Every structure is written in C-alpha cells, then in structure tokens.
Amino acid sequence: RETQKTDFSELSATFQIQNGVMRTGDLLMKSPLLRLTGKGAISLPPKTMDMRLEPKLVFTSKGQGGATGASGIKVPIIVKGPWDNLSYRPDIAGIIKSPPSAEDVKGLIEGVTKGGKKSKTDKVTDTLKGLFR
C-alpha cells in the first residue's frame with residue numbers, strides 16, 4: 001500500500017491538559033496552498049477527538065512564513081469520534097454563518113487560472129487528497 005502524506009512546513013498549538021483531556025483553541029498548520037486552523041478537545045485515556053478544523057485553500061506557494069490570513073476559501077469540518085474510527089463532516093452551520101466573501105472567490109478563481117490552470121489545479125487536488133486520506 002502506498003503511503004500518502006501532506007507536507008506541512010509549520011505546526012503550532014497550545015494545549016491545556018486537565019484530567020486527561022487536551023484542549024486547544026489555536027491549532028495552526030501551514031503548507032503551500034493550504035492553511036488549517038482548529039480548536040477542540042482530544043481525550044487521551046479513551047483516545048477520542050472532538051475538533052472543529054478550518055482548512056483554507058489559498059493560492060500562495062509559501063508555507064512557513066506565509067501569511068496566516070491569506071485570501072482563500074474555508075470549509076469548516078467537524079472531526080469526532082475514536083481515533084481508529086474518526087468521522088468527518090462539513091460544519092454546515094459554520095459555512096452558512098460565515099460564507100466566503102466575493103474577494104475570496106475572486107482570489108480562488110484568479111489563483112487557479114493564473115499561470116497555467118492545470119498546474120495550479122493539480123497542486124490543489126494533490127494537497128487536499130493528501131490531507132484527507
């Protein structure tokens with residue numbers, strides 16, 4: 001079986017641990033074309049997770065040192081359950097509450113079409129496949 005991976009150039013988070021439960025409100029991961037923020041809890045003894053992640057597709061090749069607030073499209077995801085059987089679902093309420101702006105959509109379109117559509121689209125597809133496999 002082929003190993004899949006997504007390269008992140010930066011990862012940071014602070015955790016408060018109490019009674020075997022790790023909580024964070026500032027998870028940040030950066031890679032080229034993707035920024036991921038998150039918050040939630042990871043329970044260590046039962047090995048469960050309840051997190052809300054916000055992957056944001058961005059069109060900059062900078063990972064580490066790249067702007068955290070770069071323009072892009074966010075799709076909030078709820079990740080929940082035991083570590084060996086996590087469930088993933090879009091946070092529809094979060095999407096409705098904070099839909100992408102016209103500027104974000106414009107940036108997405110320009111990023112995909114600028115400098116060779118196939119090249120940029122392939123990079124985005126590979127990044128998302130690697131993250132969610």
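At 41% relative accessibility, K74 counts as partly exposed. This lysine is a good place to enter the structure, which is a predicted model. K74 sits in strand β6, residues 72-74. Its salt-bridge partner is E54, with the closest N and O atoms 3.4 Å apart. E54 belongs to strand β5, and the two residues are 20 apart in sequence, so the pair links distant parts of the chain. E54 is buried, because its relative accessible area of 18% falls under the 20% cut-off. K74 is partly exposed, because its 41% lies between 20% and 50%.

Where does the trail lead from E54? Salt bridges that share partners join R52, E54, K74 and D91 into one network.

R52 also lies in strand β5, which spans residues 48-58. Its side chain makes a polar contact of 2.5 Å with the side chain of E54. A polar contact of 2.5 Å also joins the side chains of R52 and D91. R52 and D91 meet in a salt bridge as well, at 2.5 Å from N to O. This pair spans 39 residues and links distant parts of the chain. D91 is found in the loop between β8 (87-90) and α1 (92-97). D91 is buried, with a relative accessible area of 12%.

What else does R52 touch? Beyond its neighbours within four places in sequence, R52 is in contact with T37, G38, K39, P76, I77, I78, D91 and G94.

A further salt bridge starts from strand β5. D50 pairs with K80, the closest N and O atoms being 4.0 Å apart. K80 lies in strand β7, residues 77-82, and D50 in strand β5, 30 residues away. Both partners are partly exposed: K80 has a relative accessible area of 44%, and D50 has 39%. In total, the count comes to five salt bridges.

Now step back to the whole chain. How many helices and strands are there? The chain has three helices and eight strands. From the N terminus, the order is β-β-β-β-β-β-β-β-α-α-α. The strands therefore come before the helices.

Of the 133 residues, 32% count as buried. The accessible surface comes to about 8,800 Å². Carbon and sulfur atoms account for 55% of that surface. Among contacts between residues at least 6 apart in sequence, 43% join residues at least 24 apart. The salt bridge between R52 and D91, 39 residues apart, spans such a distance.

Conventions
Residues are numbered from 1 along each chain as its sequence is written. This is a predicted model: local features need pLDDT of at least 70, side-chain atom pairs count only at pLDDT 80 or more; totals for chains, interfaces and linings use all residues. Side-chain values use heavy atoms; hydrogens and water are left out. Helices (H or I, at least four residues) and strands (E, at least two) are DSSP runs, numbered from the N terminus. A polar contact is a pair of N or O atoms within 3.5 Å; within protein, one must be able to donate a hydrogen and the other to accept it, and residues adjacent in sequence count only if both atoms are side-chain atoms. Contact means heavy atoms within 4.5 Å. Buried means under 20% relative accessible area, exposed over 50%, partly exposed in between (1.4 Å probe, protein chains only). Accessible areas come from the Shrake-Rupley method with a 1.4 Å probe; for residues, only the protein chains shown count as cover. A salt bridge is a side-chain nitrogen of Lys or Arg within 4 Å of a carboxyl oxygen of Asp or Glu.
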